[in-house]
Amino acid sequence: SAAQRRGRAMGGEAGGPRDTAPGQQLRALFYALPPGESSFRTVEEVPDYVEKSIPFFITFIGLEFAVSWIQKRKLPGRINDGISSLSLGVLSRLPDVLFRSVELISYIYVWNNYRLFELPWDSAWTWYLTLLGVDFAYYCFHRISHEVNILWAAHQVHHSSEDYNLFTALRQSVLQKYTSWMFNLPMALFIPPSVFAVHLQFNLLYQFWIHTEVISKLGPLEWILNTPSHHRVHHGRNPYCIDKNYGGTLIIWDRIFGTFEAEDEKVVYGLTHPVNSFDPIMLQLRPLTHIWNTFWATPGLCNKLSVIFKGPGWGPGKPRLGLPEEIPVITGKEVPFNPRVPVYLNCYVVVHFAVILDLYTELLASVTMLSQGTVLLRIGFVILSLASFGLLMENKSKAGILEIIRCLVFIGVYKLGYVRSQFSFLGYAYEV
């Protein structure tokens with residue numbers, strides 16, 4: 001049929017993901033792949049745009065370093081904060097090694113059982129409607145994540161960096177995806193999963209390049225698109241930045257609903273009450289511990305529920321989102337958390353983190369061929385390593401003991417073949 005011929009032209013034959021050319025993958029980072037190049041009949045045909053973008057992530061990070069050095073004669077971040085961001089990015093992706101995306105599972109379930117009607121998957125109108133739908137759903141979820149304490153406990157991980165660079169874009173929460181999925185479900189009543197799966201990735205990828213200080217303002221595009229300038233405001237802890245600019249790809253939702261704020265005075269990044277840690281496990285769990293302790297310390301059932309479901313700044317007798325005057329004043333003299341660590345220790349962490357990235361990438365490539373026990377063992381070792389690196393960068397007294405244990409565990413699992421490098425010729429070097 002004509003539809004099948006269009007399907008072969010636009011999405012390839014059903015049954016496997018379509019390969020993307022480097023030029024297409026680069027344009028996907030900027031949401032610049034038109035419907036004719038990114039429409040597919042089935043979810044199975046949709047490429048993994050996020051995984052295929054990893055080389056471009058690395059390239060753009062290197063480019064940001066070069067431009068920042070040329071512009072300001074300094075690098076755009078610090079080693080400890082950068083490793084922390086990358087560790088949180090790896091940690092956030094580990095559940096996907098074991099389970100299919102909860103966002104797609106829930107969406108497909110609603111589509112199969114409750115859809116009201118079916119828009120054509122190969123229509124440009126469906127493509128653009130989904131762009132708006134996914135981005136509006138993201139705006140709603142993102143705003144609620146700042147205004148509901150239990151959701152903020154997950155989302156604050158992304159805001160915990162006191163630097164602002166492309167590494168920050170990779171700083172993600174493990175838990176956030178398990179609450180964001182429900183905001184997309186209304187689209188499952190009429191938009192095919194294959195179209196949704198494309199835009200879910202595009203919306204995420206677009207938000208990578210806006211995490212930078214080397215790009216200033218972009219003229220008329222600032223009225224429609226979320227830009228680095230707008231997103232710098234969102235990551236600021238200056239009083240004028242708090243709870244502003246929630247958009248993902250488009251800034252129009254903030255302009256419509258009154259949450260827009262233009263960049264003005266210099267932005268100071270991070271949380272209003274910094275966590276002061278590079279340990280990815282601590283960064284993920286400490287906010288939940290704080291809610292738990294506050295919940296039990298707050299008298300009255302209604303107040304206890306308010307601790308969970310009102311804003312992070314709420315307290316008995318305060319408005320739902322807290323009192324603006326209680327936001328700490330920014331003096332411009334704030335010093336980021338930066339423990340003094342010997343140069344050799346930073347070099348050690350960088351080298352060993354590169355090894356873990358190699359092992360993690362090999363795990364992603366071979367997960368379908370491994371037993372569940374081996375997968376769990378590898379995931380456990382990655383988590384142990386990331387926690388150890390965080391403690392080393394904080395120069396904690398017990399970090400050395402944990403690192404010795406980690407290295408001994410590595411020797412054991414590597415010798416027994418439970419952990420494997422992509423590069424067999426590096427095996428001996430890794431053992432050394």
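Where does UniProt place the feature "transmembrane region" in this chain? Before I answer, please keep in mind that what we are looking at is a predicted model. The UniProt record, which is an unreviewed entry, puts that feature at residues 343-363, 375-393 and 399-418. In the model, residues 343-363 are 100% helix and 0% strand, with the end C-alpha atoms 30 Å apart, while residues 399-418 are 85% helix and 0% strand, with their end C-alpha atoms 25 Å apart.

Let me turn now to another part of the chain, residues 128-259, where the unreviewed UniProt entry places the feature "domain: Fatty acid hydroxylase". Over this span the chain is 52% helix and 0% strand, and the C-alpha atoms at the two ends are 24 Å apart.

One helix that I would like you to find is α8, at residues 149-159, which is largely enclosed by the rest of the structure because 10 of its 11 residues are buried, that is, under 20% relative accessible area. Among the buried residues of α8 are Trp152 and three histidines, His155, His158 and His159.

Trp152 also brings us to the second largest pocket, since Trp152, Thr272, His273, Pro312 and Gly313 are the lining residues that lie nearest the centre of that pocket. The pocket has a volume of about 1100 Å³, and its lining is made up of 43 residues, with 19 nonpolar, 18 polar and six charged. Helix α8 supplies at least two residues of this lining, and so does each of α14, at residues 280-297, and α15, at residues 301-309.

Key:
Residues numbered from 1 in each chain as written. Predicted model: local features only at pLDDT ≥ 70, side-chain atom pairs only at ≥ 80, totals over all residues. Heavy atoms only, no water. UniProt positions renumbered as here; feature names shortened; annotations may be inferred. Helix = DSSP H or I, 4+ residues; strand = E, 2+ residues; numbered from the N terminus. Buried < 20%, exposed > 50% of the residue type's maximum accessible area, 1.4 Å probe, protein only. 1 Å grid on protein atoms, 1.4 Å probe; cavity = no way out; pocket = protein on both sides within 12 Å on 5 of 7 lines; lining within 4 Å. Points joined across faces, edges and corners; volume = space filled by probe spheres on them. Nonpolar A, V, L, I, M, F, W, Y, C, P; charged D, E, K, R; others polar.
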